[in-house]
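Visitor: I would like to understand the words people use for a structure like this one. Could you show it to me and explain them as we go?

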Amino acid sequence: MNFILKAATVIDPTSPFHQQTVDILIEEGIITDINTTIAVKNNVKEIKLDNLHVSQGWFDSSVSFGEPGYEERETIDHGLSVAAKSGFTDIALNPNTLPITDTSASIGFLTGKARNNAVNVYPIGALTVKSEGVDLAELYDMQQAGAIAFGDYKKAIQNPNLLKIALLYSQNFDGLVLSFPQENSIAGKGVMNEEERSTLLGLKGIPALAEELQVARDLFLLEYAGGKLHIPTISTAKSVALIKEAKSKGLQISCSASVHHLSLTDAELESFDSNYKVLPPLRTQKDVDALLKGIKDGTIDMVTSDHQPIDIEHKKVEFDSAEYGTIGLENAFGTLNNILGVEKTISLLTKGKEIFGIQTGIIDKDNKANISLFNPEGAAIFTENDILSTSKNSAFVGKTVKGTSYGIIANWKIVLK
């Protein structure tokens, strides 16, 4: 089907039409014309939305669904519909399935299930067999099958020699290694940030030190072995400082922060609502401020929703027993836009493509259409009715969002909310 976007404001600094309000004609998946006004042909569907803005398609570097193994949490098909309606054209899918995504066959299963979808799915292969942290998985074979990076989701690499070997080996095929930032022996059985509030609430704490020791160790290993390292979802001020120093040395290091770590603090846990139980745990306002500063100065490369559906049987239980994780695709744009403004938000939702080796699509004539559609205006309260996911474990219900996603145009398809 062919489309024409009417009166769309372009937010794409790489495009010659940046900040211009134009009509965009898309035929057979290609942008064939951009002009102030374009006449609508009989075989073209007109898309006219309130205060329509468009940008290059958004990318989320950390998304979990459930299939295979945990379909009650989220299937691939429904999860991709949620991602599309939330404005994401591209997602990196975590390996925390059952079985763990640690073989080329399991990568092929995921890419096969997502074939012919509007959203592009890029699987992350497990770094170690069954994500047990003992033996390296078949990294090269998984990359050949479509994996874009390798990491054990929410599981720290405790053996430093294993990470060293992974960094050395992955250089043979320009692989990207992910290392979750937590020293388990320091974190212990903690369930929230360790400070005065954890003592008052009677909950075991995970000190910032648990993250920072692991980040420091990983950066030393990277400096020794070389390679490309990505540290997902950092949460402390010291982690930002450590990564900033490593970048000044020219190391190939990148990192992300989650939407919830940028907008929520451990004060939320006073309600004992298990939807706020995430890993790394929510930290202090000082840490949030440091993360925001790290975003503004470029230390933090990208932002992720860290979308992790958890079924009600494993979430609506006593706080200590609840599983970690919150969904976040639906509110990611609105939360970031409320904090950072539209241009910075769009930058953070698109720049991660380059780090993960994903092709970008400038909004210009003769380019493939890979476009997110949104309205950046209008403050609202995020409610349960705004949740599109099968699992409803959102830490953002009752929080303020600004703007809304309309959907996407990608892979010759259009998906609107």
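Visitor: What makes the crossing of helix 12 and helix 13 right-handed or left-handed?
Guide: Helix 12 passes helix 13 in a right-handed crossing. A crossing is right-handed if the near helix is turned clockwise from the far one by less than a right angle, and left-handed if it is turned anticlockwise. Helices here are DSSP runs of H or I with at least four residues, strands are runs of E with at least two, and both are numbered from the N terminus.

Visitor: Before we go on, where does the model come from, and how are its residues numbered?
Guide: This is a predicted model, in which local features need pLDDT of at least 70 and side-chain atom pairs count only at pLDDT 80 or more, while totals for chains, interfaces and linings use all residues. Residues are numbered from 1 along each chain as its sequence is written, and side-chain values use heavy atoms, with hydrogens and water left out.

Visitor: Why are helix 12 and helix 13 called parallel, perpendicular or oblique?
Guide: The axes of helix 12 (residues 329–340) and helix 13 (residues 342–350) cross at roughly 130 degrees and come within 7 Å. Axes are lines fitted to C-alpha atoms, for helices over the stretch in contact, and angles run from 0 to 180 degrees between N-to-C directions. Angles under 35 degrees count as roughly parallel, over 145 as roughly antiparallel, 65 to 115 as roughly perpendicular, and the rest as oblique. Helix 12 and helix 13 are therefore oblique to each other.

Visitor: Which residues make the contact of helix 12 and helix 13?
Guide: Helix 12 brings Phe-333, Leu-336, Asn-337 and Leu-340, and helix 13 brings Val-342, Lys-344, Thr-345, Ile-346, Leu-348 and Leu-349. Contact means heavy atoms within 4.5 Å. By class, there are seven nonpolar, two polar and one charged residues. Ala, Val, Leu, Ile, Met, Phe, Trp, Tyr, Cys and Pro count as nonpolar, Asp, Glu, Lys and Arg as charged, and the others, Gly among them, as polar.

Visitor: How do you know how helix 7 and helix 8 are oriented?
Guide: The axes of helix 7 (residues 208–225) and helix 8 (residues 237–248) cross at roughly 10 degrees and come within 9 Å. Set against the cut-offs, helix 7 and helix 8 are therefore roughly parallel to each other. In their contact, Glu-211, Glu-212, Val-215, Ala-216 and Leu-219 of helix 7 meet Lys-238, Ser-239, Leu-242, Ile-243 and Ala-246 of helix 8. These residues divide into six nonpolar, one polar and three charged.

Visitor: And what makes helix 4 and helix 7 parallel or oblique?
Guide: Helix 4 (residues 160–170) packs on helix 7 at an angle of about 40 degrees, with the axes 9 Å apart. That angle falls outside the named ranges, so helix 4 and helix 7 are oblique to each other. Their crossing is right-handed.

Visitor: Why is Thr-265 called buried or exposed?
Guide: Thr-265 has a relative accessible area of 17%. Buried means under 20% relative accessible area, exposed over 50%, and partly exposed in between (1.4 Å probe, protein chains only). Thr-265 is therefore buried. Thr-265 sits in the loop between helix 9 (259–263) and helix 10 (285–296).

Visitor: What do the cut-offs say about Ser-248, Gln-19 and Asn-411?
Guide: Ser-248, in helix 8, has 61% and is therefore exposed. Gln-19, in the loop between strand 1 (2–10) and strand 2 (21–27), has 43%, so Gln-19 is partly exposed. Asn-411, in the loop between strand 17 (400–410) and strand 18 (413–416), has 12%, so Asn-411 is buried.

Visitor: What is the phi of Gln-19 and of Asn-411?
Guide: Phi of Gln-19 is near 70 degrees, a positive value in a residue other than glycine. Asn-411, also not a glycine, has a positive phi of about 55 degrees.

Visitor: What makes a group of residues a nonpolar core?
Guide: A nonpolar core is a set of buried Ala, Val, Leu, Ile, Met, Phe, Trp, Tyr and Cys residues joined through side-chain atoms within 4.5 Å. The largest one here has 83 residues, and Ile-91, Ile-231 and Ile-253 have the most contacts inside it. Apart from it lies another core, of 19 residues, among them Phe-17, Ile-34, Leu-52 and Tyr-406.
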